[in-house]
Amino acid sequence: MGDPAFLHRLQFAFTIIYHYLFPVLTMGLALLVVIMKLLGLRPGGEAWNDAARFWIRIFGINFAVGVVTGIPMEFQFGTNWARFSSYAGNVVGHTLAMEGLFAFFLESSFLSLLIYGEKRLGRVGHTLAAFALFAGSWLSGYFIIATNAFMQHPVGHAVAENGTLRLVDFFAFVLSPWALAQYAHNMMSSVVTASFVVAALGAFYTLEGRHLEPARLFLRLGTAAGLVSAVLVAFPTGDVQAKLVARYQPVALAAMEGRFESGPQAEMTIIGQPNVRERKLDNPIQVPGVLSVLAYGHFYSNVRGLNEFPEADWPDNVELLYYSYHIMVGLGTILIAIMGIASLLAWLGRLEKSWIMLWVLMLAFPFPYIAVIAGWMSAELGRQPWLVYGLMRTVDGGSPSVHSGTVLFTLLGTCGLYAVLGVLFLFLIFREIEHGPRPHAAEDAAHA
Amino acid sequence: MLEIWYAIAVFMLTAYVVLDGFDFGAGALHLLVARSDAERREVLAAIGPFWDGNEVWLLAAGGALFVGFPRVLASGISGFYFAIFMVLWCILLRGIAIEFRSHVKDAIWRATWDFFFCVASVLLPVFFGAALGNLLRGVPLQADGWFALALFTDFTARNPVGILDWYTVLVGVFALTALAGHGALFLNWKTQGPVQERSRAAARKLYVAVGVLWPVLTVATQWVDRGFLPALASRPLAWLLAGVALAGLVAVFVGLAGGRELPAFLGSCAFLTGLSWATAACVFPTMLRAIGPEGVSLTAYSGGGDPRGLGTALVWFCVGFPLAILYFVIVFRLHRGKAVSGAYGES
């Protein structure tokens with residue numbers, strides 16, 4: 001507990017995981033809202049427009065919490081990671097500043113117009129506002145991922161005379177292959193999350209026998225978008241990402257798979273417990289050869305194990321990394337299966353009568369959130385012990401002038417505040433779900 | 001190149017003060033100028049479409065500082081660790097208060113959020129003012145370029161200093177007074193009826209206080225930094241900007257006397273802008289002033305980023321900045337005229 005580096009990490013991990021629970025929904029939901037608004041523009045599309053209005057309210061509450069929990073993230077680069085900011089600011093300062101200029105201004109300008117401006121803007125204008133929020137939130141995601149990609153796989157930089165990093169190739173940095181792959185993978189997982197939430201609420205209303213008309217639309221859109229995005233998360237985006245990890249972070253891949261020995265025909269571990277002390281995997285259930293194929297595209301490719309790397313370069317929490325990675329992959333597979341079956345039933349016109357599937361859809365919505373957080377934990381734990389891969393170690397990135405008593409104080413205060421925030425958020429969301437979608441006429445009456 | 005980025009960072013920070021300043025002021029005053037629920041919602045409707053965008057200027061300014069002066073940002077933000085977290089918690093509470101308040105039609109619920117909205121809106125200008133005060137008074141920078149500040153020590157403004165002392169609190173009180181006056185003038189422009197009348201009366205009193213405090217603060221600043229007034233005297237640009245501030249102050253009183261709402265508010269904008277820019281012009285190139293025996297100040301040159309990278313950044317800045325202004329113009333155009341105590345936040 002006395003180690004400030006540990007507390008800097010704990011505070012950042014807690015605040016970023018909590019924060020990301022909100023944008024992961026709003027980024028995906030922004031796309032689905034744009035789709036609803038576009039379907040609503042067609043003649044007779046009033047029902048889609050009503051559906052969009054309901055989801056915009058859910059979006060608004062999530063977005064507000066995402067904004068207020070996101071501001072501390074930006075500041076923590078300075079408060080807690082001052083050495084890192086000083087070292088890499090000439091590079092990552094670009095993407096973080098561009099996020100403010102290109103994404104936040106766009107989002108913040110059109111947010112209240114999207115939420116409260118439907119009458120003022122008219123149908124087309126309101127659709128454009130939805131598009132502005134979609135573009136802003138997806139741009140914001142890109143700049144953050146480009147920043148993270150530099151920490152995962154630094155490119156486009158050089159070391160300046162004073163020992164800090166400087167930017168030499170802007171486009172190599174902003175369009176790094178790691179950023180593009182991670183972005184595609186991440187944004188698809190965000191659409192999966194939003195699709196599951198939309199479908200779950202459709203299933204809930206259908207099972208309760210109320211709001212049946214909008215519930216039908218939620219189920220249709222949720223399962224269709226959910227199937228497409230869940231498949232895209234795995235292939236090609238997840239696959240490309242895994243190959244990049246195999247190529248540039250082989251030690252992270254070994255830890256993710258709990259692999260200690262090197263060798264060809266590497267097996268993929270379905271389940272098992274990494275035993276770091278004895279350097280083996282307990283109770284493994286494995287499929288031979290699959291890891292070699294996934295990582296390098298060939299059955300006989302050698303996949304290096306942890307034993308081949310000095311222990312100082314191992315991710316410092318092999319066990320947690322192993323479980324995060326397996327939870328992500330396992331849940332990702334299950335989510336594809338759920339959306340596959342649900343889409344098949346929807347296509348046959350039997351989804352709304354299949355109460356088992358409706359129950360599954362209703363209860364499944366937390367799992368994409370868990371998979372996404374586990375995925376990010378895999379990425380960030382796999383990056384350890386580096387803050388900037390191969391260049392700066394995490395223990396060297398913290399603020400020199402901040403001691404652990406200070407960090408623990410702000411960590412506890414933030415935990416308390418976020419606990420209250422979480423309760424309020426759930427209260428408001430349950431209220432919206434209770435009110436349900438309302439057609440326009442009823443909406444006007446509610447305000448009068 | 002570093003001079004250009006210094007100007008950009010100062011411009012963005014000033015835009016933040018002027019823009020988020022009016023919704024801070026409106027929040028600090030709303031319990032006084034808006035008594036009923038309908039009146040409070042009128043205040044929220046006036047700032048509702050703008051406050052979130054206004055707050056982005058803080059992040060954009062932070063981004064400009066990050067890319068332009070990473071060493072200054074890292075040292076400054078980590079040195080003010082405690083104060084930064086207080087500010088973050090206030091920003092969080094305030095955002096939630098504005099966005100969640102009107103979701104539930106319940107007197108207790110709304111009264112709670114009105115209270116937090118007011119408290120956070122009062123504390124934030126004091127903290128930001130105190131932060132500026134710290135920069136002017138100086139911080140205990142060590143030879144390695146880092147520092148840590150206690151929240152308070154003995155309030156003497158002499159080493160060992162804390163974030164809060166008589167001088168920095170004075171700057172904080174001045175900031176609160178000026179931003180409350182600024183917010184009152186914004187409400188005078190955007191509202192009508194009783195809210196407008198009370199705002200106008202408040203603006204007059206607050207700006208008289210600003211007129212009294214301003215010279216006091218200038219003398220106090222000279223007392224903590226002996227180089228301040230000589231720098232002002234030797235820099236014509238700073239003269240000019242101080243003149244803009246003075247003209248703005250006059251415009252506020254003329255506008256208020258003549259019942260011209262927008263010119264009075266614009267006068268207030270000019271006052272805050274002139275004052276911020278004049279201060280920045282006086283202290284340049286110092287960004288983190290060191291006090292204490294062995295300290296070396298961090299300047300725009302010693303704490304600045306890599307000039308070649310900043311050339312690249314200037315290119316994307318010139319693309320992004322007009323877009324930000326464009327969104328800003330669209331939002332102000334769409335919400336021109338008086339705010340209506342409407343459905344802001346209702347669900």
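Start by selecting B:Ser199 in this predicted model and showing what surrounds it: apart from residues up to four places away in sequence, B:Ser199 touches B:Val33, B:Ala184, B:Leu187 and B:Asn188. You're in helix α8 of chain B, which runs over residues 193-224. Is B:Ser199 buried or exposed? Its relative accessible area is 0%, so B:Ser199 counts as buried. Now turn on the side chain and look for the backbone oxygen of B:Val195, which the side chain of B:Ser199 reaches at 2.7 Å.

Stay in chain B and jump to B:Arg235, in the loop between α9 (228-234) and α10 (236-258). This one is partly exposed, because its relative accessibility is 28%. Leave out its neighbours within four places in sequence, and the residues in contact with B:Arg235 are B:Ala281, B:Cys282, B:Val283 and B:Phe284. If you draw a distance from the C-alpha of B:Arg235 to that of B:Ala270, you should get 20 Å, for two residues 35 apart along the chain.

One more selection in chain B: pick B:Asp37, B:Arg40, B:Arg41, B:Arg101, B:Arg110 and B:Asp114 together, and you have a network of salt bridges.

Next, colour the two chains separately and look at where they meet. Here 69 residues of chain A are in contact with 65 residues of chain B. The area buried between them is about 5,900 Å², with carbon and sulfur atoms giving 77% of it. How many salt bridges are there between chain A and chain B? Zero, though nine residue pairs are in polar contact across the two chains. To see chain A's side of this, show α3 (46-79), α4 (82-116), α5 (118-152), β2 (165-167), α14 (404-435) and α15 (440-447), each of which supplies at least two residues. The biggest giver is α4(A), with 25 residues. Sorted by class, that side of chain A has 37 nonpolar, 23 polar and nine charged residues.

Now for the salt bridges, of which the structure holds 26 over all chains. Zoom in on A:Arg53 and A:Glu118, whose closest N and O atoms are 2.7 Å apart. A:Arg53 sits in helix α3 and A:Glu118 in helix α5 of chain A, so this pair ties together parts 65 residues apart in sequence. Both A:Arg53 and A:Glu118 are buried.

For another setting, try A:Glu311 with A:Arg279, a salt bridge at 2.5 Å, N to O. A:Glu311 is in the loop between α10 (290-296) and α11 of chain A, A:Arg279 in the loop between β3 (268-275) and β4 (280-287), and the two are 32 residues apart. A:Glu311 counts as exposed at 52% relative accessibility, while A:Arg279 is partly exposed at 30%.

Then pick A:Asp313, in the loop between α10 and α11 of chain A. A:Arg393 forms a salt bridge with A:Asp313, closest N and O atoms 2.7 Å apart. A:Arg393 lies in strand β6 (residues 392-393), so the pair joins parts 80 residues apart in sequence.

Last stop: the largest nonpolar core, 270 residues, where those with the most contacts inside it include A:Trp55, A:Leu361 and B:Phe271. Its largest share, 17 residues, comes from α4(A). Centre on A:Leu361, one of the buried residues of helix α12 (355-364) of chain A. Beyond residues up to four places away in sequence, A:Leu361 touches several residues, among them A:Ala199, A:Leu219, A:Ile338 and A:Leu351. Show α7 (177-208), α8 (212-248), α11 (318-347) and α13 (366-383) of chain A too, as they are included in what covers the buried residues of α12(A).

Technical notes:
Residues numbered from 1 in each chain as written. Chains lettered and ligands numbered in written order. Predicted model: local features only at pLDDT ≥ 70, side-chain atom pairs only at ≥ 80, totals over all residues. Heavy atoms only, no water. Buried < 20%, exposed > 50% of the residue type's maximum accessible area, 1.4 Å probe, protein only. Helix = DSSP H or I, 4+ residues; strand = E, 2+ residues; numbered from the N terminus. Contact = heavy atoms within 4.5 Å. Buried area = accessible area lost by both parts, 1.4 Å probe. Salt bridge = Lys/Arg side-chain N within 4 Å of Asp/Glu carboxyl O. Polar contact = N/O pair within 3.5 Å; in protein donor to acceptor, adjacent residues only side chain to side chain. Nonpolar A, V, L, I, M, F, W, Y, C, P; charged D, E, K, R; others polar. Core = buried A, V, L, I, M, F, W, Y, C linked by side-chain atoms within 4.5 Å.
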